[in-house]
Amino acid sequence: MHDPDDEPFARLFALSELPPGSAKMESVGDYDIAIFNVNGKLFAIDDVCPHFGASLFEGRVEDEIVICPSHGWRFNLSDGKMNPGRRSVPVFDVRVEDGDIYVSREPRPDA
């Protein structure tokens, strides 16, 4: 019998539920993942800011940078790196299939 939890990607929701300029958070396995639609380009990062654990999906997005709503730490949505700084958040692969958004169950390996 096929177990969907064994798939490398998890279906989250319909693309229509995440219009450009919006963000959502979904739990996938052990991760809370923030998904952003920036001008039609999708990004997924760990939702937890490493500073004090604020929810990044609630942050303001400028270009492809999310700004933590608690203390203003800035993270690049493409690679998760703090801008400027030495910290980072995990990044997840995202794909759209048949109008639905899928995200990898595990973060990308550190570059």
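Colleague: Let me start with one pair of residues: which residue in β6 stands opposite glutamate 62?

Modeller: Isoleucine 65 is the one facing glutamate 62. Keep in mind as we go that this is a predicted model.

Colleague: And how do you know that β5 and β6 are paired?

Modeller: Pairing calls for at least two bridges. Between β5 and β6 (residues 65-67) there are 3 bridges, so the two strands pass that test. They run antiparallel.

Colleague: What makes β5 and β7 edge strands?

Modeller: The open sheet has 3 strands in the order β5-β6-β7, with antiparallel pairing. β5 (60-62) and β7 (74-76) have a single partner strand each, so one side of each lacks a neighbour in the sheet. From one strand to the next, the twist averages 25 degrees.

Colleague: What other elements should I look for in the protein?

Modeller: The count is 10 strands and 0 helices. Going from the N terminus, the elements read β-β-β-β-β-β-β-β-β-β.

Colleague: Why is the protein called as compact as a globular protein of its length?

Modeller: The globule rule gives 13 Å for 111 residues, and the radius of gyration here is 14 Å, close to that value, so the description fits. The C-alpha trace spans about 45 × 25 × 20 Å along its principal axes.

Colleague: What share of the residues is called buried, and what makes a residue count as that?

Modeller: A residue is buried when its relative accessible area is under 20%. In this protein, 38% of the 111 residues are buried.

Colleague: Which residues have the most contacts inside the largest nonpolar core, and why is it called a core?

Modeller: They are Phe36, Ile45, Cys49, Leu56, Phe75 and Leu77, in a core of 16 residues. The name applies because such a set consists of buried nonpolar residues joined through side-chain atoms within 4.5 Å. β3 (31-38) and β4 (41-46) each supply at least two residues of this core, and β3 gives the most, with 3 residues.

Colleague: What does leucine 77 touch, leaving out residues up to four places away in sequence?

Modeller: Leucine 77 touches Phe36, Val38, Phe43, Ile45, Val61, Glu64, Val66 and Val91. There is also a second, separate core of 12 residues, with Phe13, Ile35, Ile101 and Val103 among them.

Colleague: Finally, how much accessible surface does the protein have?

Modeller: The accessible surface is about 6,600 Å², and 46% of that belongs to carbon and sulfur atoms.

Note on methods. Residues numbered from 1 in each chain as written. Predicted model: local features only at pLDDT ≥ 70, side-chain atom pairs only at ≥ 80, totals over all residues. Heavy atoms only, no water. Helix = DSSP H or I, 4+ residues; strand = E, 2+ residues; numbered from the N terminus. Axes fitted to C-alpha atoms, helices over the stretch in contact; angles between N-to-C directions. Buried < 20%, exposed > 50% of the residue type's maximum accessible area, 1.4 Å probe, protein only. Contact = heavy atoms within 4.5 Å. Rg over C-alpha atoms; globule rule 2.2 N^0.38 Å. Areas by Shrake-Rupley, 256 points an atom, 1.4 Å probe, with all protein chains shown as cover.
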